[in-house]
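Work through these exercises with the model open beside you. Try each task before you read its solution.

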Amino acid sequence: MTSRKILLIGIDGLRLDDALDSGAAPNLSALVAAGALHRLTMEVPTFSGPGWASLLTGLDHSEHGVFDNSFHGHTLFRGTDLLTQAFAGDPTRGTFVATGWPPIADPQGPGPIIATRPDQQRVGLHRVVIRDGETYGYRYADGDVAAFARLAIREAGPHASFVYLGEADEAGHLYGGVSPEYTSAIGRVDVHLGAIVAAVRERAAARDEDWLVGVTTDHGHVDQGGHGGADEVVTASFLALVRITPAGTTADGLPLPTAGAEAGTAVRPTDVARILLAHLA
Ligand SMILES: [Zn+2]
């Protein structure tokens, strides 16, 4: 039987339309062209803590209680992250997270958003790669994260994975959301995306697997750089979905945005985890 797997790639602080229009992201553009693109509107405040918490747990801001990057007073225990939900659905499923932003998965906190699950880590069922992009820079962190992601996909083939790439957000803060530096950073992130998706393609073909791959962001950037407010360019997010099977990359059999949704019904950030998990069921 073909095994089903899911991978969510999170690109922090990505202005999708600029990435597509500038030609800086050919791999992301190809993925969008081959699959389906859903627009999301992020809830305010549009910081990474609350944004990724909503995308990865399906809880909204008032439910997970994350309103900034300190995670002070959070109530993440009210829900379960994407990887833990995949494991809970079938305790033989392997999971993987790689991130240069520690609050996604670092047990030292703040957060983390994705539960540490040391018992599963000890037996290789949950693999965690954390780099500190805040201290050492995201160009370095993303390089390691992408390399480990390719390795994990090739060797372990986890059933559910989340891979976080942060250099676009870093460049947005340093140089602004319409700067050549921001566009170049998007180009480097896109190279990582392409290599990770290529690893999925090889794995799916070699092992007869059926992958649902999603790409999303937690917020955009204002032109001068920064986010947190309700500006349209900052709340604009997306979920790009593509299915990768031994036959290749396809839009066939992609899940509906929401159960019984009418065409044009917007996907909410809190739908993302559920949409991906449905592929495993
Ligand atoms: Zn940021």
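A residue is buried if 20 or more other C-beta atoms lie within 10 Å of its own, exposed if 12 or fewer, and partly exposed in between. Keep in mind that this is a predicted model.

**Exercise 1. A buried helix**

Find which residues of helix 5 are buried, and what they pack against.

Solution.
- Step 1. Locate helix 5 at residues 82–89.
- Step 2. Apply the cut-off. Leu82, Leu83, Thr84, Gln85, Ala86 and Phe87 are the buried residues of this helix.
- Step 3. Compare with the length. The buried residues make up 6 of the 8, so helix 5 is largely enclosed by the rest of the structure.
- Step 4. Look at the surroundings. Three strands' worth of names appear here: the buried residues of helix 5 pack against strand 1, strand 3 and strand 5 (160–165). They also pack against helix 3 (48–57), helix 6 and helix 12 (272–277).

**Exercise 2. Strand 6 and its partners**

Determine which way strand 1 and strand 7 run relative to strand 6.

Solution.
- Step 1. Place strand 6 at residues 209–216. This strand is mostly covered, with 6 of its 8 residues buried.
- Step 2. Take strand 1, residues 3–11. Strand 1 and strand 6 run parallel and are joined by 8 bridges. Within this pairing, Ile6 has Leu212 of strand 6 as its bridge partner.
- Step 3. Take strand 7, residues 236–245. Strand 7 and strand 6 run antiparallel, joined by 6 bridges. Here Thr216 has Leu239 of strand 7 as its bridge partner.

**Exercise 3. Two helices against helix 10**

Classify how helix 8 and helix 2 lie relative to helix 10.

Solution.
- Step 1. Recall the two quantities to look for. Two packed helices are described by the angle between their axes and the distance between the axes.
- Step 2. Start with helix 8, residues 138–155. Its axis and that of helix 10 come within 9 Å and cross at roughly 5°. Angles under 35 degrees count as roughly parallel. Helix 8 is therefore roughly parallel to helix 10.
- Step 3. Sort the residues of this contact. They divide into 8 nonpolar, 1 polar and 6 charged. Among those in helix 8 are Ala146, Ala149 and Arg150; helix 10 supplies others, including His192, Ala195 and Arg203.
- Step 4. Turn to helix 2, residues 26–34. The axes of helix 2 and helix 10 lie 7 Å apart, at an angle of about 50°. That makes helix 2 oblique to helix 10.
- Step 5. List this contact. Helix 2 gives Pro26, Asn27, Leu28 and Leu31, and helix 10 gives Asp190, Leu193, Gly194 and Val197. The residues divide into 5 nonpolar, 2 polar and 1 charged.

**Exercise 4. Backbone details in loops**

Find the cis peptide bonds before Pro110 and Pro112, and the positive phi values of Arg117 and Asp208.

Solution.
- Step 1. Go to the loop between strand 3 (95–99) and helix 6 (118–122), where Pro110 sits. The bond from Gly109 to Pro110 is cis, with omega near 0°.
- Step 2. Move on to Pro112, in the loop between strand 3 and helix 6. The bond from Gly111 to Pro112 is cis, with omega near -5°.
- Step 3. Check Arg117, also in the loop between strand 3 and helix 6. Its phi is positive, about 45°, although it is not a glycine. Arg117 has 17 other C-beta atoms within 10 Å, so it is partly exposed.
- Step 4. Finish with Asp208, in the loop between helix 10 (180–207) and strand 6. Asp208 has a positive phi near 55°. It counts as exposed because it has 12 C-beta neighbours inside 10 Å.

Terms used
Residues are numbered from 1 along each chain as its sequence is written. This is a predicted model: local features need pLDDT of at least 70, side-chain atom pairs count only at pLDDT 80 or more; totals for chains, interfaces and linings use all residues. Helices (H or I, at least four residues) and strands (E, at least two) are DSSP runs, numbered from the N terminus. Two strands pair if DSSP finds at least two bridges between them. Axes are lines fitted to C-alpha atoms, for helices over the stretch in contact, and angles run from 0 to 180 degrees between N-to-C directions. Angles under 35 degrees count as roughly parallel, over 145 as roughly antiparallel, 65 to 115 as roughly perpendicular and the rest as oblique. Two residues are in contact if their C-beta atoms, placed from the backbone, lie within 7 Å. Ala, Val, Leu, Ile, Met, Phe, Trp, Tyr, Cys and Pro count as nonpolar, Asp, Glu, Lys and Arg as charged, and the others, Gly among them, as polar.
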